[in-house]
Amino acid sequence: MNINKKLFEDQNYFLLDVKEPFMVNEFLKEVHRTLPEYRLDVCYSIEDFLVFYHRGGMFSSEKRILVLWDFTREHVDVIESLMSVPTDDIIVLVRRGAISKTKAYTRITTDFTTVKLEKPTERGCSTWVRDKLKEYGVECQEKVPSYIVSHLGTNMYALDSVLKKLRVLGRNISVDECARLISQTHEARYFDFMDSLFRRRVSSTLQEFSKVDESSYVQLIHFMIGQIERIYRVACLKNQGESIEDISEILGVPKFIMKTKMMPAVASFGRVKLIKLLDLVNELEKVLRVTKLPKDQVFQSYLLKAMKT
């Protein structure tokens with residue numbers, strides 16, 4: 001979508017259909033750059049959203065870009081009732097899962113402009129990495145973007161983390177320098193964690209998890225989602241009769257990694273169980289946002305469930 005001021009002249013309600021949470025941040029940044037006079041407020045609960053919504057109209061002349069981060073069926077009636085209350089704010093609902101159709105939901109989808117934020121393919125990620133490096137003024141060897149994506153996959157959070165480190169270097173980056181940088185980051189340890197998880201090695205999985213700071217739990221979850229989706233794609237291609245060599249070529253992954261890491265994961269879980277595993281990790285992200293229990297214990301309990309899937 002081309003984001004410019006004209007987009008907001010006749011419309012201030014937007015429904016984001018999201019496959020990759022990172023792309024929400026990219027969308028919101030672009031909207032905020034387009035409307036710098038607006039304040040950006042992201043709400044992770046309907047209660048906070050309602051407080052900002054009503055305050056914005058009654059007590060403050062400040063305009064807002066007001067975001068409900070996880071719009072679900074439980075929020076439909078509330079949001080539908082708010083549509084009768086005029087507001088000058090930009091309202092953004094982030095829908096990350098399917099919502100069954102009702103009259104209230106149909107009214108919302110009719111009055112809101114739906115924006116689909118698709119999860120980038122590996123080729124799309126390589127293009128995004130190349131564009132970001134150019135934006136940051138970082139020169140690099142031609143193969144650097146595809147190398148980064150081949151090692152970190154389509155996890156946008158991990159890619160963004162590495163690009164910020166390359167930005168600091170600010171000079172002509174070689175593939176060898178990328179390799180050294182990636183090996184030094186905690187994303188590299190995440191691969192060891194996922195390898196243990198896919199092989200259902202309980203002790204080593206929990207041991208690797210214990211090295212992760214609580215502040216990095218969300219990043220780890222998004223890394224897990226990216227890797228599970230990547231393995232699922234391998235499983236689908238294998239089911240279609242593609243050879244290891246062809247799959248490696250399609251995904252841009254070295255054959256050695258495909259044989260020693262990805263195929264064992266496919267053998268361990270398979271397509272159906274990978275979907276269940278993905279649902280479990282998505283559920284974990286939501287639970288961690290609201291739980292009053294120690295987050296490390298909650299995370300570990302889900303890891304144990306995952307390895308029994």
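C140 sits in between buried and open: with 27% relative accessibility, this cysteine counts as partly exposed. Keep in mind that we're looking at a predicted model. Its closest cysteine sulfur belongs to C178, and the gap between the two sulfurs is 7.3 Å, too far for a bond. C178 itself is buried, with a relative accessible area of just 1%. A disulfide is a covalent link between the sulfur atoms of two cysteines, and here a pair would need its sulfurs within 2.5 Å to be called one. The tally for the whole structure is zero disulfides.

Now on to helix α6, which covers residues 144-152. Seven of its nine residues are buried, so the helix is largely enclosed by the rest of the structure. Those buried positions are V144, P145, Y147, I148, V149, S150 and L152. Right after the helix ends, G153 takes a positive phi of about 70 degrees.

S150 deserves a stop of its own. Its relative accessible area is 11%, which means that it counts as buried, as that is under the 20% cut-off. A polar atom of the S150 side chain lies 2.8 Å from the backbone oxygen of Y147. Farther along the sequence, S150 also touches R230 and G252.

What about the greasy interior? In soluble globular proteins, nonpolar side chains tend to be buried together. In this model the largest nonpolar core has 83 residues, and the members touching the most others are L16, I148, L159, L166, F198, M224 and F299. Helix α13, residues 255-290, gives the most to this core, with 13 residues. A second, separate core of 20 residues includes L66, V76, M83 and I99. Back in the largest core, L159 has contacts with C125, W128, V129, I148, V149, L152 and G153, leaving aside residues up to four places away in sequence. Among those partners, I148, V149 and L152 are buried residues of α6.

Charges come next. Side chains of opposite charge can pair when their charged atoms come close. The model has 17 salt bridges. One of them joins the side chains of E26 and K29, at 3.9 Å from N to O. These two are three residues apart in helix α1 (residues 21-34), so about one helical turn separates them. An α-helix has 3.6 residues a turn, so residues three or four places apart point the same way. Even so, E26 is buried, with a relative accessible area of 17%, whereas K29 is partly exposed at 43%.

Other pairs reach across the sequence. R64 and D41 meet in a salt bridge with an N to O distance of 2.3 Å. This pair links distant parts of the chain, with R64 in strand β3 (residues 64-68) and D41 in strand β2 (residues 39-43), 23 residues apart. Both R64 and D41 are buried.

K261 and D195 form another salt bridge, their closest N and O atoms being 3.4 Å apart. Here the partners are 66 residues apart, with K261 in helix α13 and D195 in helix α9 (residues 186-198). K261 is partly exposed at 37% relative accessibility, while D195 is buried, with a relative accessible area of 15%. Finally, salt bridges that share partners tie E26, K29, K132 and E135 into one network.

Terms used:
Residues numbered from 1 in each chain as written. Predicted model: local features only at pLDDT ≥ 70, side-chain atom pairs only at ≥ 80, totals over all residues. Heavy atoms only, no water. Helix = DSSP H or I, 4+ residues; strand = E, 2+ residues; numbered from the N terminus. Buried < 20%, exposed > 50% of the residue type's maximum accessible area, 1.4 Å probe, protein only. Polar contact = N/O pair within 3.5 Å; in protein donor to acceptor, adjacent residues only side chain to side chain. Contact = heavy atoms within 4.5 Å. Core = buried A, V, L, I, M, F, W, Y, C linked by side-chain atoms within 4.5 Å. Salt bridge = Lys/Arg side-chain N within 4 Å of Asp/Glu carboxyl O.
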